[in-house]
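Here is a brief report on one protein chain. Keep the sequence and the 3D view open while you read.

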Amino acid sequence: MSKLVETLSNILKEIRKKEGASLEDFADKLKISKTLLHSIERGKANPTLETIEQMADALEVPPLFLLSDDYDGNEFRTAQVLLELVGKLSNLSEENQRDVINAFDLLVKALSNKD
């Protein structure tokens, strides 16, 4: 299993468990079939970029969040909540967007720290 497939599998399983959703309910939320979700979670499917985008849209996160191992499951959930608060960055200049993303990354890691 490739690193990206493994990361996607782990992230989706973690989110589904944290939400307490059944495979069927979570698949409905992601707008994919239960069979496809089950295959992805087992690392047996290689979803298209379009499918990854669709799942990210349903979770209201950037697609790269589903493929990045930068965050563990707890950090991912914190990031997801913060993204809902931050909203769209498109109105900011590129420089300001980079600054916000860097600050966002630090904030996610700090809020997710269990120490």
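## Helix H1 and its end

Start just past helix H1, at glycine 20. This glycine has a positive phi of about 65 degrees. The model is predicted, and the values here are computed from it.

H1 itself covers residues 3–19. Its 17 residues should span 24 Å at 1.5 Å a residue, and the end C-alpha atoms are 24 Å apart, so the two values agree. Several H1 residues are buried: Val5, Thr7, Leu8, Ser9, Ile11, Leu12, Ile15 and Arg16. The list includes Thr7, Ser9 and Arg16 alongside residues such as Leu8 and Ile11.

## Overall layout

The protein chain has 7 helices and 0 strands. Along the sequence the pattern reads α-α-α-α-α-α-α. Of its 115 residues, 37% are buried.

Consider the contacts in the chain with a separation of 6 or more. Residues 24 or more positions apart account for 54% of them. The chain exposes about 7400 Å². Carbon and sulfur atoms supply 49% of that area.

## The nonpolar core

In soluble globular proteins, nonpolar side chains tend to be buried together. Here the largest nonpolar core holds 25 residues. Which of them touch the most other members? They are Leu12, Leu30, Met55 and Leu66. Helices H1, H2, H3, H4, H5 and H7 (94–112) each supply at least two residues of this core. H4 gives the most, with 5 residues.

Leucine 12 is a good place to look. Leave aside its neighbours within four places in sequence. Leucine 12 is then in contact with Phe26, Leu30, Leu37, Ile40, Glu41, Met55, Leu59 and Leu66. One of these partners, Glu41, carries the name of a glutamate rather than a leucine.

## Two sides of helix H4

Helix H4 runs over residues 49–59. Its buried residues are Thr51, Ile52, Met55, Ala56, Ala58 and Leu59. Seen down the helix axis, they fall within an arc of 160 degrees, so they line one face of H4. The face turned away from this buried side carries the exposed residues Leu49, Glu50 and Asp57.

Take one residue from each side. Threonine 51 lies in H4. Its relative accessible area is 15%, under the 20% cut-off, so threonine 51 counts as buried. Beyond residues up to four places away in sequence, threonine 51 touches Ile32 and Leu36. Glutamate 50 also has its place in H4. Its relative accessible area is 63%, over the 50% cut-off, so glutamate 50 counts as exposed. Glutamate 50 and proline 63 are 13 residues apart in sequence. Their C-alpha atoms are 9.7 Å apart in space.

## Positive phi outside glycine

Most residues other than glycine have a negative phi. Which way does phi go at lysine 31, positive or negative? Lysine 31 has a positive phi of about 65 degrees, although it is not a glycine. Lysine 31 sits in the loop between helix H2 (23–30) and helix H3 (34–41). Its relative accessibility is 61%, over the 50% cut-off, so lysine 31 counts as exposed.

Glutamate 60 also has a positive phi, near 60 degrees, and is a residue other than glycine. Glutamate 60 comes just after H4. Its loop lies between helix H4 and helix H5 (63–67). Buried or exposed, where does glutamate 60 fall? Its relative accessible area is 53%, so glutamate 60 is exposed.

## An aromatic pair

A pair of aromatic rings is described by the distance of the centres and the angle of the planes. The count in this model comes to 1 aromatic pair. It joins phenylalanine 65 and phenylalanine 104. Their ring centres are 6.4 Å apart. The planes meet at 45 degrees, so the pair is tilted.

Phenylalanine 65 lies in helix H5 and phenylalanine 104 in helix H7, so the pair ties together parts that are 39 residues apart in sequence. Phenylalanine 65 and phenylalanine 104 are both buried.

Definitions and conventions:
Residues numbered from 1 in each chain as written. Predicted model: local features only at pLDDT ≥ 70, side-chain atom pairs only at ≥ 80, totals over all residues. Heavy atoms only, no water. Helix = DSSP H or I, 4+ residues; strand = E, 2+ residues; numbered from the N terminus. Buried < 20%, exposed > 50% of the residue type's maximum accessible area, 1.4 Å probe, protein only. Expected span 1.5 Å × (residues − 1). Core = buried A, V, L, I, M, F, W, Y, C linked by side-chain atoms within 4.5 Å. Contact = heavy atoms within 4.5 Å. Arc of directions from axis to C-beta. Areas by Shrake-Rupley, 256 points an atom, 1.4 Å probe, with all protein chains shown as cover. Phe/Tyr/Trp six-rings, centres within 6.5 Å; stacked < 30°, edge-to-face > 60°.
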